[in-house]
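Q: I'm new to this one and would love a close look at a single part: the place where the ligand sits. Could you walk me through what surrounds it, and then point out a few backbone details worth finding on screen?

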Amino acid sequence: MSGGKTVLGKDLTGLDALSTDQIRAILDTAEPMKQIARRRVKKVPVLRGKTIVNLFFEASTRTRISFEFAEKRLSADTVNIGSVGSSVSKGETLVDTARNLEAMSIDMVVIRHWSAGAAAFLAARIPSSVVNAGDGAHEHPTQALLDILTLRDHFGRIDGLKVCIVGDVLHSRVARSNIHGLTKLGAEVAVCGPRTLLPAGIEELGARVVNGLEEAIEWADALNVLRLQLERMQDGYVPSLREYNRVFGVTSAHLQRADRELLIMHPGPLNRGVEIDSDVADGPHSVILRQVTNGVAVRMAVLYLLAGGEALLAEAASEWSQE
Ligand code: CP
């Protein structure tokens, strides 16, 4: 879209590939984007004339809708495509789908795909910018960015924070992106869950393993509680959901035992009564809906920076000031 000359380069495929300065640039750009949601007219013209295709091959509520809100609030033209109802259901390949979209003069593709590496695969083959909205168990960079923004809002810093990611780390792209992003910004990251759901070599990404929820709660400033990916549990990763909840479910009793403030996060969707009890998810320690709110601002920031950032702002500044 912009020839790779933006702060972020052409694409956002994962936080592993970003520098600390690039991550900070996204978080800082999200701050003014938050203001737009508070305006009477929640729209600015910075992406006017740009066309963005949202290509979602897996189910999504938060990511898909917040990307669409982000695009609309920046005045882009958007098209939504899923595997059902498109020619993907007739066997058309990802690259052929994207090339056909390119032939209709698009500028950016936001893609969620079940296959790890799908976003990078596409980014290497089309000139449009590609944004990874979750690829298999690999990365979910915008989720981690909104998680980090929420932590920064609350604590005023990331450096030195202790964040424990709890639960089904094995299948979690959210966990991987959080570990990359948080450690780059100086946080300490731990993971906690059944051994069957902790990937071998997770320490090599920069996370330590803590033994059990009690130790995690004693150590952490924030718990990021992951969804138990129930669709994969027929493979026998946990003895039963009841057993999982008994050992790794976060309950209000846990929070009462914590001797200091403990922030509760969850990327959604929630399995209430499995990895998290309702009184925790809806309670005063929870910032789960603030994460969702920040998701729109972070995605606006990513789209804006990929599209050329400063140059676009200069173009639009006079129009903003006239409102
Ligand atoms: N957190 C997240 O990715 O949620 P969705 O699957 O609803 O987009």
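A: The ligand takes up the space of the largest pocket in this predicted model. Zoom in there and look at who is lining up around the ligand: Ser 60, Thr 61, Arg 62, Thr 63, Arg 112, His 140, Gln 143, Pro 267 and Gly 268. Sorted by class, that shell comes to 6 polar residues, 2 charged ones and 1 nonpolar one.

Now for the side chains that meet ligand oxygens. Thr 63 has a side-chain N or O atom 2.6 Å from an oxygen atom of the ligand. For Arg 62, a side-chain N or O atom lies 2.9 Å from a ligand oxygen. His 140 also brings a side-chain N or O atom to 2.9 Å from an oxygen of the ligand. As for cover, the ligand on its own has 250 Å² of accessible area, and the protein covers 91% of that.

Stay with Gly 268 for a moment, since that residue is part of the shell. The peptide bond running from Gly 268 to Pro 269 is cis, and its omega is near -10°. That's worth a pause, because most peptide bonds are trans. Pro 269 itself belongs to the loop that links strand E9 (263-265) with helix H10 (278-281).

Arg 62 and Thr 63 from the shell give you another path to follow, along helix H2 (62-73) and into the loop between that helix and strand E2 (77-82), where you'll find Ser 75. Ser 75 isn't a glycine, yet its phi is positive, at about 70°. Most residues other than glycine have a negative phi. Ser 75 has 14% relative accessibility, so it counts as buried.

Another serine to look up is Ser 105, in the loop between helix H3 (94-102) and strand E3 (108-113). Ser 105 is a residue other than glycine with a positive phi, near 65°. With 55% relative accessibility, Ser 105 counts as exposed. If you carry on into strand E3 (108-113), you come to Arg 112, which brings you back to the residues around the ligand.

One last stop is Thr 29, in helix H1 (residues 20-37). Its side chain reaches the backbone oxygen of Ala 25, at 2.6 Å. Thr 29 counts as buried because its relative accessibility is 13%, and the cut-off for buried is under 20%.

Note on methods. Residues numbered from 1 in each chain as written. Predicted model: local features only at pLDDT ≥ 70, side-chain atom pairs only at ≥ 80, totals over all residues. Heavy atoms only, no water. Near = heavy atom within 4 Å. Polar contact = N/O pair within 3.5 Å; in protein donor to acceptor, adjacent residues only side chain to side chain. Areas by Shrake-Rupley, 256 points an atom, 1.4 Å probe, with all protein chains shown as cover. 1 Å grid on protein atoms, 1.4 Å probe; cavity = no way out; pocket = protein on both sides within 12 Å on 5 of 7 lines; lining within 4 Å. Sits in = over half its atoms within 2 Å of the grid points. Nonpolar A, V, L, I, M, F, W, Y, C, P; charged D, E, K, R; others polar. Helix = DSSP H or I, 4+ residues; strand = E, 2+ residues; numbered from the N terminus. Buried < 20%, exposed > 50% of the residue type's maximum accessible area, 1.4 Å probe, protein only.
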